[in-house]
Amino acid sequence: MRITAIAAMVLMVGLSGCMPNNHSGDPTSVTTTKKGGAVESELTWQKAKAQSQAMEQEIANLIPEDKMVKIEQKATGILFECGEAQHLWKGSTTVTLTEGTEPEPLVKEIEAHYQDSRFNIKTSTSVTGNYRIQLRSPDTSENYIIVKDGPGEVRIASGSPCFTLSEGIYPGGDF
């Protein structure tokens with residue numbers, strides 16, 4: 001899964017890397033559901049990123065300190081289209097576990113923590129055969145995928161609610 005994710009990221013960056021970045025300002029936008037209904041206003045890519053990263057950190061902090069070596073949150077992410085003129089911010093955090101700590105029981109503990117929460121939970125098996133959960137907002141595109149990502153690692157991938165970029169901001173590159 002890690003190779004597939006890296007290949008996809010390299011492809012996206014490669015395709016968008018030669019376009020200029022214009023990430024200035026604090027654009028005003030409206031978050032919508034996949035069906036186009038308004039959910040909240042004033043969501044910018046900066047706010048979407050901050051909210052997603054805060055939630056990644058909340059999830060990572062559910063892993064007991066004595067079972068983790070470090071938490072590494074990527075400073076930047078990328079934008080994906082999520083409807084006509086809509087985008088979402090995608091990022092990730094990796095938790096490195098202490099030697100001998102099995103990731104799957106920790107992923108299941110995170111799943112149990114979010115039962116009866118604001119999220120719908122979907123469980124599945126990754127392409128590498130690892131147990132994974134997805135926390136999905138019932139109202140927006142916001143979601144978090146938690147899965148074993150190699151020996152001794154748990155990866156938390158995030159996707160923000162959809163938002164509209166202001167004119168003049170190109171959605172390629174790092175955000």
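**Note on salt bridges and helix α3**

1. The side chains of Lys 70 and Glu 72 meet in a salt bridge, with 3.7 Å from N to O; the term stands for a side-chain nitrogen of Lys or Arg within 4 Å of a carboxyl oxygen of Asp or Glu. Lys 70 is partly exposed at a relative accessible area of 42%, and Glu 72 is partly exposed at 47%, where buried means under 20% relative accessible area, exposed over 50%, and partly exposed in between (1.4 Å probe, protein chains only).

2. This is a predicted model, in which local features need pLDDT of at least 70 and side-chain atom pairs count only at pLDDT 80 or more, while totals for chains, interfaces and linings use all residues. Residues are numbered from 1 along each chain as its sequence is written, and side-chain values use heavy atoms, with hydrogens and water left out.

3. The structure holds 3 salt bridges, and one of them joins Lys 108 to Glu 104, whose closest N and O atoms are 3.2 Å apart. These two residues lie 4 residues apart in helix α3, so about one helical turn separates them (helices are DSSP runs of H or I, at least four residues, and strands are runs of E, at least two, numbered from the N terminus).

4. Arg 118 and Glu 142 also pair through their side chains in a salt bridge, at 2.9 Å from N to O. This pair links distant parts of the chain, since Arg 118 sits in the loop between α3 and β6 and Glu 142 in the loop between β7 and β8, 24 residues apart. Arg 118 is partly exposed at 48%, whereas Glu 142 is buried at 9%.
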